[in-house]
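Please open the model in your viewer and keep the selection tool at hand. The stops below say what to select and what is found there.

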Amino acid sequence: MAAGGGVGGYDDESHCRAALREAFGDSSDSDADAPGAVSPTRGRGRGRRRWRWEAVAGVRGLWLCAAFLSADEQARLLAAIQREGWFSDAHNQAMRFGDLPSWAVELSALIREAICVGDVDDGVDTELTNEDEEACPLPSELLWREPFFDQMIANRYKPGEGICAHVDLMRFDDGIAIVSLESACVMHFSQAEQKGAALDTLKQGHSKSTKVPVYLNPGSLVLMSGDARYLWMHEINRKPGVQLWGGKELEQDWRTSVTLRKLMASPN
């Protein structure tokens with residue numbers, strides 16, 4: 001299990017699921033049957049597919065769950081986003097703070113469940129994991145914070161549109177999740193310019209010019225914490241000739257993404 005012994009009392013799957021039921025209710029208590037709902041409780045139990053987490057080699061704190069959402073869940077999530085009516089020719093981004101749409105709250109719950117009960121790739125280099133805990137896609141203090149996420153960005157990209165290399169603003173806490181929908185793409189990670197103590201903290205082994213590619217298929221989930229969140233920039237360059245994977249150029253179509261973050265607590 002992904003959460004393993006790193007979550008204190010929640011050290012086995014039954015305890016983890018009990019905590020989720022207490023926090024979010026059983027499937028009968030939710031609006032999972034509402035059109036477009038992406039239910040965190042739907043399908044729990046032995047019939048639920050197994051999530052598998054992979055630590056991305058070379059970037060400490062970067063985890064990928066390639067099969068996070070099924071095709072049906074992707075379709076329902078995309079329909080829920082489209083019903084918000086956020087996007088137009090002039091606007092391709094929507095941001096929400098505090099109270100998130102119900103589908104985003106359910107998506108957050110599903111992410112937490114996937115972390116708790118998903119399997120971690122046994123082939124992960126131990127150097128990439130937290131020496132003080134069993135390998136887990138998210139540290140326990142982030143996994144069990146409340147609220148889990150309270151800020152959301154939904155983006156709708158035309159073919160060729162992407163994002164420049166950046167590190168998310170420091171107004172946001174550690175632990176960031178990105179869900180990809182529609183067109184597949186490659187996200188590249190590169191070391192950010194660091195000074196002083198931050199440079200000492202950065203795990204060396206790659207030159208600053210090295211870019212670590214991560215293939216984001218539709219329905220995939222990326223988690224960034226620690227070094228991956230603070231010391232590495234991420235970007236998606238979808239210009240012709242750049243989106244390469246397996247020796248072939250990926251066909252670029254419309255792409256939708258949902259980013260979930262937690263605002264830093266106010267000093268007051």
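## Salt bridges

In this predicted model, begin by selecting Arg145 and Asp173, which form a salt bridge whose closest N and O atoms are 3.6 Å apart. The two residues come from distant parts of the chain, 28 residues apart, with Arg145 in the loop between helix 4 (140-143) and strand 5, and Asp173 in the loop between strand 6 (163-166) and strand 7 (176-182). Arg145 counts as buried, because its relative accessibility of 10% falls under the 20% cut-off.

The structure holds eight salt bridges, and another one to select joins the side chains of Asp119 and Arg50, at 3.1 Å from N to O. Asp119 belongs to strand 4, while Arg50 sits in the loop between helix 1 (13-24) and strand 1 (52-55), so this pair ties together parts of the chain that are 69 residues apart in sequence. Asp119, at 21% relative accessibility, counts as partly exposed, and Arg50, at 42%, is also classed as partly exposed.

Next select Asp72 and Arg76, a salt bridge in which the closest N and O atoms are 2.1 Å apart. Both residues lie in helix 2, four residues apart, which is about one turn of the helix. An α-helix has 3.6 residues a turn, so residues three or four places apart point the same way. How do the two partners compare in burial, with Asp72 partly exposed and Arg76 buried, in terms of relative accessible area? Asp72 has a value of 47%, and Arg76 has one of 14%.

## Aromatic pairs

Turn now to the rings, where a pair is described by the distance of the centres and the angle of the planes. The count comes to five aromatic pairs. Select Trp86 and Trp103, whose ring centres are 6.1 Å apart and whose planes meet at 55°, so the pair is described as tilted. This pair, too, links distant parts of the chain, since Trp86 is in the loop between helix 2 (71-83) and strand 3 (93-97) and Trp103 is in helix 3 (residues 102-117), 17 residues apart. Trp86 is buried at 13% relative accessibility, and Trp103 is buried with a relative accessible area of 5%. If you add Phe87 to the selection, you have a cluster in which ring pairs link Trp86, Phe87 and Trp103.

For a stacked pair, select Tyr215 and Trp245, which stand 5.4 Å centre to centre with 25° between the planes. Tyr215 lies in strand 9 (residues 211-216) and Trp245 in strand 12 (residues 244-245), so the pair ties together parts that are 30 residues apart in sequence. Tyr215 is partly exposed, with a relative accessible area of 26%, and Trp245 is partly exposed as well, at 37%.

## Helix 3 and charges over rings

Colour helix 3 along its length: it has 16 residues and reaches 23 Å from its first C-alpha to its last, close to the 22 Å expected at 1.5 Å a residue. The helix is mostly covered, with 14 of its 16 residues buried. Then select Arg112 together with Phe148, where the arginine lies over the face of the ring at 4.6 Å from the ring centre. A further arrangement of this kind is found at Arg261, which lies over the face of Phe172, 3.5 Å from the ring centre.

## The sheet

Show the strands as a cartoon and look for the open sheet, in which eight strands run in the order 3-5-14-7-10-2-1-4 with mixed pairing. Which strands form its edges? They are strand 3 and strand 4 (119-120), each of which pairs on one side only. Strands of a sheet pair through backbone hydrogen bonds, either parallel or antiparallel. Within this sheet, select strand 5 (residues 151-157) and strand 14 (residues 255-261), which pair in the antiparallel sense over seven bridges. A useful residue to centre on is Arg156, which stands opposite Thr256 in strand 14.

## Cysteines

For the last stop, select Cys164 and Cys185, keeping in mind that the structure holds zero disulfides. Is Cys164 buried or exposed? Cys164 is exposed, with a relative accessible area of 66%, whereas Cys185 is buried, with a relative accessible area of 0%.

Notes. Residues are numbered from 1 along each chain as its sequence is written. This is a predicted model: local features need pLDDT of at least 70, side-chain atom pairs count only at pLDDT 80 or more; totals for chains, interfaces and linings use all residues. Side-chain values use heavy atoms; hydrogens and water are left out. Rings of Phe, Tyr and Trp (its six-membered ring) pair if their centres lie within 6.5 Å; planes under 30 degrees apart count as stacked, over 60 as edge-to-face and the rest as tilted. Buried means under 20% relative accessible area, exposed over 50%, partly exposed in between (1.4 Å probe, protein chains only). A charge sits over a ring if NZ of Lys or CZ of Arg is within 6 Å of the ring centre and within 35 degrees of the ring normal. The expected span of a helix is 1.5 Å times one less than its number of residues. A disulfide is a pair of cysteine sulfur atoms within 2.5 Å. Two strands pair if DSSP finds at least two bridges between them. A salt bridge is a side-chain nitrogen of Lys or Arg within 4 Å of a carboxyl oxygen of Asp or Glu.
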